Amino acid sequence: MPENLALGLALIGAGPAQVAALAGSILLSNLPEAAGGAKEMEESGTPKTKALMLWVGAGVLLSPAAILCNLLLEGASPHRLAGIRCLAAGAVIASLATEVFPKAYKEGAHMAGMATALGFILALVLSETG
């Protein structure tokens with residue numbers, strides 16, 4: 001959720017088409033994660049329908065969260081927006097550190113570390129050039 005709030009903040013001042021495109025991309029980008037999560041839940045004994053509905057429900061909530069954040073915080077002060085972005089970044093890093101990195105390292109060993117470093121460098125380059 002915090003990641004989607006930060007994405008909503010990124011489009012403050014954008015037009016309706018850009019906000020709608022963001023909401024659609026959030027929904028689509030979360031589908032593979034939902035499918036994988038539903039499969040893991042099913043393997044651990046959760047009924048298939050319940051697992052799928054939980055993930056679909058989460059996906060349906062994420063897009064409106066970004067849109068609401070965009071609309072409700074349009075006039076917020078730069079300090080407030082910076083605080084929200086910092087909170088979102090911390091939540092995303094915590095999620096990655098507890099859920100993604102251990103599994104990636106277990107399956108990909110040192111390639112996971114190199115991919116993380118390259119991803120960080122790419123993000124920095126894109127941030128500085130954009």
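Which backbone oxygen lies 2.8 Å from a polar atom of the side chain of Thr-116? I looked this up first, and the backbone oxygen is that of Ala-112, counting as a polar contact a pair of N or O atoms within 3.5 Å where, within protein, one can donate a hydrogen and the other accept it, and where residues adjacent in sequence count only if both atoms are side-chain atoms.

I noted that this is a predicted model, in which local features need pLDDT of at least 70, side-chain atom pairs count only at pLDDT 80 or more, and totals for chains, interfaces and linings use all residues. Residues are numbered from 1 along each chain as its sequence is written, and side-chain values use heavy atoms, with hydrogens and water left out.

On confidence, I found an average pLDDT (the predictor's confidence in each residue, from 0 to 100) of 80 for the protein, with 95% of the residues at 70 or above. Confidence is lowest in helix α1 (residues 2–10), at a mean of 72, and highest in α5, at 85; helices here are DSSP runs of H or I, at least four residues, numbered from the N terminus.

I placed Thr-116 in helix α5, and Leu-124 also lies in α5, which spans residues 110–129. Thr-116 is partly exposed because its relative accessible area is 36%, the class between buried (under 20%) and exposed (over 50%), with a 1.4 Å probe and protein chains only. Leu-124, at 45% relative accessibility, is therefore partly exposed.

Finally, I checked the distance from Thr-116 to Pro-16: the two are 100 residues apart in sequence and 33 Å apart in space, C-alpha to C-alpha.

Methods
Helix = DSSP H or I, 4+ residues; strand = E, 2+ residues; numbered from the N terminus.
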